[in-house]
Amino acid sequence: MKDCGDCRENILLYLDKSLCISRAIEFRAHLEICEACRQVVEAEEELSHLLHRSRPLYSAPTTLREGILRATKGASPRDLPPQ
Ligand SMILES: [Zn+2]
């Protein structure tokens, strides 16, 4: 993943669980360091949850999904206690 342009192209694939594992890992690594892309993903995720709430199309193993959730939660500044 070279820059945010690459990242943005992968966001929908990532949310659709269509990224291959190595691309997904690169993608998440970019999110760790890029607040802007993280916010885009969070917004898309919310939309995606609304759209798919009654029609889940996720086939990723539970352990992978939990890992992704943990990774993204851990990276969220909102989880930090107030200063
Ligand atoms: Zn970025």
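I count as donors the N, O and S atoms within 2.8 Å of the metal (3.2 Å for Na, K and Ca); water is not among the atoms, so sites may look incomplete. This is a predicted model, where local features need pLDDT of at least 70 and side-chain atom pairs pLDDT 80 or more, while totals for chains, interfaces and linings use all residues. Residues are numbered from 1 along each chain as its sequence is written, and side-chain values use heavy atoms, without hydrogens and water.

**Zinc site.** I looked up which protein atoms hold the zinc ion. They are Cys4 (SG), His30 (NE2), Cys34 (SG) and Cys37 (SG), at 2.0 to 2.4 Å from the ion. The angles between these four donor atoms run from 103 to 118°, which makes the arrangement tetrahedral (all angles between 85 and 135 degrees). I noted the spacing of the donor residues in sequence as C-x25-H-x3-C-x2-C. Cys4 sits in helix α1 (residues 4-15) and Cys34 in the loop between α2 (21-33) and α3 (35-52), so this pair ties together parts 30 residues apart in sequence. Helices here are DSSP runs of H or I, at least four residues, numbered from the N terminus.

**Cover.** I checked relative accessible area next (buried under 20%, exposed over 50%, partly exposed in between, 1.4 Å probe, protein chains only). Cys4 is partly exposed at 31%. Cys34 is buried at 11%. Cys37 is buried at 0%.

**Disulfides.** I found zero disulfides (cysteine sulfur pairs within 2.5 Å).

**Helix α3.** I looked up Leu51 and placed it in helix α3. Leu51 is exposed, with a relative accessible area of 57%.

Definitions and conventions:
Four donors count as tetrahedral if all angles lie between 85 and 135 degrees; four count as square planar and six as octahedral if opposite donors are over 155 degrees apart and all others between 65 and 115; anything else is irregular. Helices (H or I, at least four residues) and strands (E, at least two) are DSSP runs, numbered from the N terminus.
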